[in-house]
Amino acid sequence: MAWSGRAESRCGFTDNIVDVHGEAEAAWECPHGALDGKERCPFHCQPEDVPDGMDVSEAFLDAIAGDAAESRQDRERAKQFIGATFDVLDLSNAVVDAADNHPVDFRGATIGRLDCTDSEF
């Protein structure tokens, strides 16, 4: 199943971002598109709710790759996975690359298993 991440409907996941001192900084809304017929993107669905045939690891790589034609702010937000849940994030044999140097933001995320075997960053 293809998922572009740029769906018409936005993921409904929100979170309160806190700064390094534990003070509330801002309300955060997921920038990724919701899955067809769902209220959340593949990163904020429970792993068992992700449709069969969807590769969440590939969706992650597509999301962070960005598009040089997008605004700087959009490229930065596309790398935010705050509160995400990954059963498995398989980056093995992948070239993890992006159109910019913004960091990937995994604050509050849960990753069951991360595989970076033979990956290039």
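## Exercises on aromatic pairs, cysteines and two buried residues

Phe86 is buried, as its relative accessible area is 1% (buried is under 20% relative accessible area, exposed over 50%, partly exposed in between, with a 1.4 Å probe and protein chains only). The model is predicted: local features need pLDDT of at least 70 and side-chain atom pairs count only at pLDDT 80 or more, while totals for chains, interfaces and linings use all residues. Residues are numbered from 1 along each chain as its sequence is written, and side-chain values use heavy atoms, with hydrogens and water left out.

**Exercise 1.** Classify the ring pair of Phe43 and Phe81, and place both residues in the chain.

*Solution.*
- Step 1. A search of the whole structure finds 9 aromatic pairs (rings of Phe, Tyr and Trp, the last by its six-membered ring, pair if their centres lie within 6.5 Å; planes under 30 degrees apart count as stacked, over 60 as edge-to-face and the rest as tilted).
- Step 2. The ring centres of Phe43 and Phe81 are 4.9 Å apart and the planes stand at 90°, so this pair is edge-to-face.
- Step 3. The pair links distant parts of the chain, 38 residues apart: Phe43 is in the loop between strand E2 (24–29) and helix H1 (56–65), and Phe81 is in the loop between helix H2 (72–78) and strand E3 (85–90). Helices (H or I, at least four residues) and strands (E, at least two) are DSSP runs, numbered from the N terminus.
- Step 4. Phe43 counts as buried because its relative accessibility is 0%; Phe81 is likewise buried, with a relative accessible area of 0%.

**Exercise 2.** Describe the pair of Phe86 and Phe106, then the cluster and the core.

*Solution.*
- Step 1. Phe86 and Phe106 are 6.1 Å apart centre to centre, with 80° between the planes, and form an edge-to-face pair.
- Step 2. Phe86 lies in strand E3 and Phe106 in the loop between E3 and E4, so the pair ties together parts 20 residues apart in sequence.
- Step 3. Phe106 is partly exposed, because its relative accessible area is 29%.
- Step 4. One aromatic cluster is formed by Phe43, Phe60, Phe81, Phe86 and Phe106.
- Step 5. The largest nonpolar core has 25 residues, and Phe43, Phe60, Leu61, Phe81 and Phe86 have the most contacts inside it (such a core is a set of buried Ala, Val, Leu, Ile, Met, Phe, Trp, Tyr and Cys residues joined through side-chain atoms within 4.5 Å).
- Step 6. H1 and E3 each supply at least two residues of this core; H1 gives the most, with 6 residues.

**Exercise 3.** How many disulfides does a search of the whole structure find?

*Solution.*
- Step 1. The search finds 0 disulfides (a pair of cysteine sulfur atoms within 2.5 Å).
- Step 2. Cys11 is in no disulfide, and its nearest cysteine sulfur, that of Cys41, is 3.7 Å away. Cys11 counts as buried at 6% relative accessibility.
- Step 3. Cys30 is in no disulfide either; the nearest cysteine sulfur, that of Cys41, is 3.8 Å away. Cys30 is buried, with a relative accessible area of 3%.

**Exercise 4.** Locate His44 and list what it touches.

*Solution.*
- Step 1. His44 sits in the loop between E2 and H1 and, at 4% relative accessibility, counts as buried.
- Step 2. A polar atom of the His44 side chain lies 2.7 Å from the backbone oxygen of Ile82.
- Step 3. Not counting residues up to four places away in sequence, His44 touches Cys11, Phe13, Trp28, Cys30, Ile82, Gly83 and Ala84 (contact means heavy atoms within 4.5 Å).

Definitions and conventions
A polar contact is a pair of N or O atoms within 3.5 Å; within protein, one must be able to donate a hydrogen and the other to accept it, and residues adjacent in sequence count only if both atoms are side-chain atoms.
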